[in-house]
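Me: I would like to go through this model and ask, for several of the terms applied to it, on what grounds each one is used.

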Amino acid sequence: MSVRERLSGNEAIAHAMKQIDPDVFAAFPITPSTEIPQYFAQYVADGKVGTEFVTVESEHSSMSTCIGAEAAGARAITATSSCGLAYMYEVLYVAASMRLPIVMAVANRALTGPININNDHSDSMGARDAGWIQLYAENNQEAYDNYLQAMPIGEDESVRLPVMVCQDGFITSHAVENIELCEDAEVKGFVGEYHPENALVGHENPLAVGPYDTCPYYMEHKVQQAEAMKNAKARILKVASDFEKMTGRKYGFFEEYRMEDAEAAIVVIGSTAGTARAEVDILREQGKKVGMIKVRVFRPFPAEELAAALSHVKAVAVMDKSEGFAADGGPLFHEVRSACYDLPQRPMMIDVVFGLGGRDCATTDIERVYNRLFKMIETGEVGPVYNHMGQRDLREATV
Amino acid sequence: MSMTEIRWHGRGGQGAKTACLLLADAAFASGKYVQGFPEYGPERMGAPITAYNRISDTRCTIHSNIYTPDYVVVVDETLLKSVDVTAGLKETGAIIINSERSPAELRPLLNGYKGKVCTIDARKISEEALGRYFPNTPMLAAAVKVSGVVEPERFVADMRASFGHKFATKPQVIEGNMKALQTAMMEVKEG
């Protein structure tokens, strides 16, 4: 039985956390994820959860607290954004390499320089090589649903990796929308309890964690970690299938929207996918063959599957909500284009960097991207590959 | 798909965001799909802020700001001088302004806007009902009355429940807010 509610994305995440009732929440506030520990602190004060709520003095410490707790055999969570995530950088790698399936909610926000509190994906994209599984949400419902699936994915013995559950700061974290919630008992049954085989304390076979790793062993551990990330693909699909049985809501590595006969396609992450979906419907009514792919799982990267989904398309625009400063495109573009390299017939492909620091992206902006793709198809010329959209600029707009 | 888009203009601390979220609550209670979201920036007391509602019969997936609203609600009259409040406002819609002045007096300040202009003296209503100046409740009521996004009787009943929840620890303000709500629905002037 689902419960119809209206919640912001942050409320939805906090509600999922309450239903799971984890052992430890290590909390340090940062906009726009601050509401998550704020709501959770109320649950603690009201006795609605049995969680040990640890308030710390920095994000480096909140992640370190999660690492200590999870290594001891507890289920530990936290939430962060932007500079908070950046401040965790060192220990993100520790969590992943110790194979501790911590779950962290991220309300994506631009990184400082200049300071900005609004949404883009530069924080979690900056951590894309840290060894964490990354799930991204379009709206409050997906943030909630991804959160419920995160522990069954990360804690599985074939995976044992930490998971970031990302949503767009403010755009969905602070937007109240309709949502269907699961009953508490359903969540408890689905997420289950966490009983690691080995842990620092309370076990017959105590585990040493975090020792020095010499040359003869370090590489083996890294390869095991890489294998775990590959294994996560099957586990993500299995958990999605179980989740669909419980809720009727379907998840995969990505969502294909009206892609069957699409000639022009956009690949995008997060809330912009919803805006793109509305524009796809408008253009389809005009007889234009357009489609959209919304990437939900960025780590592990579903390269073969994405390539297959794009194999019949003539022109693709990958929309990056982070600027990787690689001088030739953002991170999503690099990976999507690389994924398509082995296709016998590759689509034309461009990158559109957009929405940095909260720059708004409306349906009319999506229309501009499709118009660029139509022009590419019409002329057979790719034109400029690496584009920025929406900025005030003296250069001629390429999108 | 019929969708109503509403843009709120206020100043930090006046409760425009709260009114926007309460409208989303009320529309949700009446069975609608809703979005209620503020536009965040370097906020501080008194700075201009914007908030948005989308209300529809099916889920709206668009996650951008609203550029062509059906209705605009101005919680602080002084914003008329500094913010282009009628930007993109549909002429089939309306603008609702917190002011003791009449719609006819304000129309010349609205960049030639030809649609409906409504005013409501939220200060007077709030001070009489609550003893203090909280413009958001009267502005919310005026927005519901003018836009018709929620059936008025249903709205009043839902808001009583909503205030009961919101002010569980200070029930003495519930009646005052209900009075402000009902007075505003009667006193909003259309021109």
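Me: What makes strand 6 and strand 7 of chain A a pair?

Reply: In this predicted model, four bridges join strand 6 (residues 133-136) of chain A to strand 7 (residues 163-168) of chain A, and the two run parallel. Pairing requires at least two bridges, so four bridges satisfy the criterion. One of the bridge partners can be named, since Gln134(A) is matched with Met164(A) in strand 7 of chain A.

Me: Which element does the chain pass through between strand 6 and strand 7 of chain A, and what is the hand of the crossover?

Reply: The path leads from strand 6 through helix 7 (residues 140-154) to strand 7, all of chain A, and this β-α-β crossover is right-handed.

Me: How do you know that strand 6 of chain A also pairs with strand 12 of chain A?

Reply: Strand 12 (residues 297-299) of chain A shares two bridges with strand 6 of chain A, in the antiparallel sense; because at least two are required, the criterion is met. Here Leu135(A) has Val297(A) as its bridge partner.

Me: Why are both faces of strand 6 of chain A called covered?

Reply: Ile133(A) and Leu135(A) on one side, and Gln134(A) and Tyr136(A) on the other, are all buried, which means that each has 20 or more other C-beta atoms within 10 Å of its own.

Me: What makes strand 8 of chain A and strand 2 of chain B a pair?

Reply: Strand 8 (residues 176-182) of chain A and strand 2 of chain B are antiparallel and share two bridges, and the threshold is at least two, so they pair. Glu177(A) has Gln35(B) as its bridge partner.

Key: Residues numbered from 1 in each chain as written. Chains lettered and ligands numbered in written order. Predicted model: local features only at pLDDT ≥ 70, side-chain atom pairs only at ≥ 80, totals over all residues. Buried ≥ 20, exposed ≤ 12 C-beta atoms within 10 Å, placed from the backbone. Right-handed = clockwise from strand over helix to strand, strands pointing away.
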